[in-house]
Amino acid sequence: MVPNKLSEIDPRSGFCKSDSIFYSKRKTLSLPEKDCLDVTTFISSQPHRGSTAFIDATTGQELTYKQLWTAVDSVAAGLSELGVRKGQVVLFLSPNSIFLPIVYLSVMSLGAIITTTNPLNTPREIATQIADCSPSLVFTTLQLVPKLAPYNSSLPIILMDDQNDYEGRILTTFWDMIKKPPRTLVTNQDVVFQDDIATLLYSSGTTGQSKGVMSSHRNVIAMTQSLVERMKLDERERIVVCTVPMFHTYGLSIATCYPALGSTIIVLSKFDLQEMLWAVQRYKATDLPLVPPILVAMVNGANEIKSEYDLSSLKSVLCGGAPLSKDMIEGFLEKYPTVQFRQGYALTESNGGGASTETMEECRRYGTAGLLTGSLEAKIVDPETGKALPVNTTGELWLRGPYIMKGYFGNVEATSSTLDSEGWLRTGDLCYIDDDGFIFVVDRLKELIKYKGYQVPPAELEALLLSHPDISDAAVIPFPDKEVGQFPMAYIVRKPGSSLYESAVMNFIAKQVAPYKRIRKVAFIDAIPKNPSGKILRKDLIKLATSKL
C-alpha cells in the first residue's frame with residue numbers, strides 16, 4: 001500500500017475513495033533496486049538448499065543445480081560466439097524438456113529476448129509469429145524442423161537433439177554447446193538493465209489477434225519474487241510436477257521461477273493424466289500446478305485414481321485458468337482432504353500478477369479469483385464512461401504494478417488500446433471486488449475462447465472460414481463443455497447453391513490450425529446477427545447455441 005494514503009484506504013477492501021484505486025492487501029514485494037540486473041543473475045543468486053533442479057518424468061534423467069548453472073554459462077557463451085546480442089530475438093520451438101530452462105536462462109542472461117511457440121501450431125501459425133518478431137535463430141527438435149521448412153527456409157537452427165550429422169542451416173546442437181567449458185565472461189556481453197525486454201510471449205490479448213507481449217527483466221523478477229515470498233511462508237522441500245506447457249506464461253514461471261526456491265521440478269514432455277499421477281507417486285511430489293480440465297478429471301476419477309496411485313506426498317494443488325465452481329472445489333477437498341487447494345488469476349500481459357487464494361478459508365469464497373497479488377493495484381472501470389467504480393460494482397478490471405508488460409511488440413495501436421499513459425492494463429475481464437477485497441470475474445469483454453486453458457481467438461478462425469469458397473459469412477463462439485471448459489463453435493452462412501456440410505467445415509479448419517483451435521461444432525444460419533456498426537453479436541449466438549442445454 002502507498003504510505004501517505006494508508007489513512008484513506010479501507011483496510012477491509014483495500015479501496016481508496018480519494019483515487020478509486022484498490023490496493024493489494026498482500027505483503028508488498030521486496031524488489032531489487034539495482035537498475036543493472038538481469039533475471040538470470042537474480043534467480044541464480046537466490047539462496048536455497050536444493051540440489052536437484054529438474055527430472056525428466058519419462059527417462060528419469062536428472063539435472064542438478066550445479067549442472068544447470070554450468071550449462072547456462074556454456075550455452076550463453078556459445079550463443080555469444082554465434083553473434084547473439086542484446087535485443088535480438090531467439091525462438092524456442094520444442095515440447096517440455098528439462099533442458100528448456102537452460103535455453104531460457106542463457107538467452108535472457110545475454111539481454112537477448114526469448115520467444116516461444118506452441119509445438120502443436122501449424123507451419124502457417126509459426127510462420128506468422130516468425131514474420132512478426134524476426135528471430136535470429138531457433139532452438140528446435142529434429143521432429144519439428146519440418147514445421148519451419150515451408151515458410152522459413154533460411155532461419156538458422158540449433159537442434160535440441162544429440163545429432164552429429166547436421167548440415168545446411170543447422171548451426172550446431174544444444175549438446176555440443178553444453179559440452180564446451182563454461183566461461184564466466186561472455187564475449188562482448190552487453191550490460192542488461194531491468195527495463196530491457198526479457199521475454200516475448202504471444203497472447204491474443206483483449207482483441208483476439210495474437211501479439212507479442214514484451215515483458216521486461218523487472219516483470220519476470222517481480223513474478224519470481226512474488227512466488228518466492230508466497231512459497232517461503234512454509235519452509236518445506238518442494239517437488240513440483242510440471243503438467244502445463246512451458247511455452248506459456250504459466251509453465252514459464254515454473255521453469256524459471258521455481259529454481260529460485262531450490263525446488264525440484266519433474267517435467268512431463270506432454271500432458272498425460274496417468275503419467276502425471278505416476279510421477280507424483282514415483283517422485284513423491286508435493287506440489288501440482290494444474291488447469292481446470294485436469295482438476296475436473298482428478299475429481300471425477302478420484303476413486304479409481306486413489307486405488308491405483310499413492311498420492312500421499314501431495315501437499316498443494318494450484319489451479320489457474322478459470323475460477324472453479326463451488327461443487328468442483330468441494331468435490332476436490334472431499335476427495336483429497338489432505339491437499340491444500342489454491343487458485344490463481346493472471347494474464348500473459350500481467351506476468352503472474354493478478355489475484356490468488358492462499359488459504360482454505362479464501363478458497364471457500366466460491367467463485368472468487370482471490371486477493372490482489374502483492375504490490376499490485378486495481379481499478380474497476382465502467383467500459384462505457386471510463387469512470388472508476390467502487391466496491392461491489394461490476395466493470396472492467398484494470399491492473400497496475402511491477403508485473404505489467406511494457407507493451408505489444410511492434411504494435412503501437414494495440415499497446416495504446418490496452419495500456420494507458422499511467423501504466424494501467426485493461427484486462428478485458430468484467431469483474432467486481434467485494435467488501436473484503438476479493439476479485440470476482442463475471443464475464444469477458446475480450447472475445448477469447450478458453451479450451452483446456454489455451455486461448456483461442458474467434459477472429460482468427462472467422463478469417464479462415466471466410467476464405468472458404470462456399471462460405472459468405474461466419475461467426476465463432478465459445479460453447480460450454482464440462483471436460484475442456486469451452487470449445488469453438490461456428491455459425492455459418494452458406495453461399496447460394498452451396499451444400500456445404502458440418503464435417504467439411506471442421507476439416508477445412510483442422511488442416512490450418514493447432515488441435516486446440518479446431519472447430520468442434522457447426523450450425524448453419526441465414527444471417528449472422530450484428531449491431532449497426534457491423535460487430536458480431538456473439539451473446540445472441542451464445543444464447544441461441546445454449547438454449548437447448
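Let me start with Leu63, which at 7% relative accessibility counts as buried, and which in this predicted model sits in strand S4, residues 62-64. If we set aside residues up to four places away in sequence, Leu63 touches Thr52, Ala53, Phe54, Leu68, Ile98 and Ile102. You can also look at Phe99, which lies 36 residues from Leu63 along the chain, with the two C-alpha atoms separated by 8.5 Å.

One of those partners, Leu68, takes us to helix H2, where Leu68 is listed among the buried residues. Helix H2 covers residues 65-81, and at 1.5 Å a residue its 17 residues should span 24 Å, which agrees with the 24 Å that separates its end C-alpha atoms. How many of the 17 residues of H2 are buried? Twelve of them are, so the helix is largely enclosed by the rest of the structure. If you want to pick them out on the screen, the buried residues are Tyr65, Leu68, Trp69, Ala71, Val72, Ser74, Val75, Ala76, Ala77, Gly78, Leu79 and Ser80.

Thr70, which is also found in helix H2, is partly exposed, with a relative accessible area of 33%, because that value falls between the 20% limit for buried and the 50% limit for exposed. From Thr70 to Asp470 there are 400 residues in sequence, and the C-alpha to C-alpha distance between the two in space is 57 Å. Just after H2 comes Gly83, where phi is positive, at about 95°.

Now to the nonpolar cores. The largest has 97 residues, and those that touch the most other members are Leu68, Leu79, Phe139, Met276, Phe332 and Phe341. Helix H2 gives the most to this core, namely eight residues. There is also a second core, separate from it, with 35 residues, including Ala474, Val484, Phe487 and Ala545.

I would like to stay for a moment with Phe332, which, leaving aside neighbours within four places in sequence, is in contact with Leu295, Met298, Val299, Val317, Val339 and Phe341. Some of these contacts belong to a pair of helices. The axes of helix H9, residues 292-300, and helix H11, residues 326-335, come within 9 Å of each other and cross at roughly 50°. That angle makes H9 oblique to H11. On the H9 side the contact is made by Leu295, Val296, Met298 and Val299, and on the H11 side by Met328, Gly331, Phe332 and Lys335. As for handedness, H9 passes H11 in a left-handed crossing.

A second pair can be set beside that one. Helix H14, residues 458-465, and helix H15, residues 502-510, have axes that come within 10 Å and cross at roughly 110°. H14 and H15 are therefore roughly perpendicular to each other. The residues that make this contact are Leu461, Leu464 and Leu465 from H14, together with Val505, Phe508 and Ile509 from H15. The crossing of H14 and H15 is right-handed.

Let me turn to the backbone in the loops. As background, most residues other than glycine have a negative phi. Ser134, which is not a glycine, has a positive phi, near 50°, and its place is in the loop between helix H4, residues 123-133, and strand S7, residues 137-140. Is Ser134 buried or exposed? Ser134 is exposed, because its relative accessible area of 52% is over the 50% limit.

Asn351 likewise has a positive phi, of about 50°, although it is not a glycine, and Asn351 is placed in the loop between strand S16, residues 340-346, and strand S17, residues 354-356. With a relative accessible area of 3%, Asn351 is buried, because that value is under 20%.

The last residue I want to show is Thr122, found in the loop between strand S6, residues 113-116, and helix H4. Thr122 is buried, with a relative accessible area of 10%. Which residues is Thr122 in contact with, once its neighbours within four places in sequence are left aside? The contacts are with Gln512, Val513 and Ala514.

Note on methods
Residues are numbered from 1 along each chain as its sequence is written. This is a predicted model: local features need pLDDT of at least 70, side-chain atom pairs count only at pLDDT 80 or more; totals for chains, interfaces and linings use all residues. Side-chain values use heavy atoms; hydrogens and water are left out. Helices (H or I, at least four residues) and strands (E, at least two) are DSSP runs, numbered from the N terminus. The expected span of a helix is 1.5 Å times one less than its number of residues. Buried means under 20% relative accessible area, exposed over 50%, partly exposed in between (1.4 Å probe, protein chains only). A nonpolar core is a set of buried Ala, Val, Leu, Ile, Met, Phe, Trp, Tyr and Cys residues joined through side-chain atoms within 4.5 Å. Contact means heavy atoms within 4.5 Å. Axes are lines fitted to C-alpha atoms, for helices over the stretch in contact, and angles run from 0 to 180 degrees between N-to-C directions. Angles under 35 degrees count as roughly parallel, over 145 as roughly antiparallel, 65 to 115 as roughly perpendicular and the rest as oblique. A crossing is left-handed if the near helix is turned anticlockwise from the far one by less than a right angle, and right-handed if clockwise.
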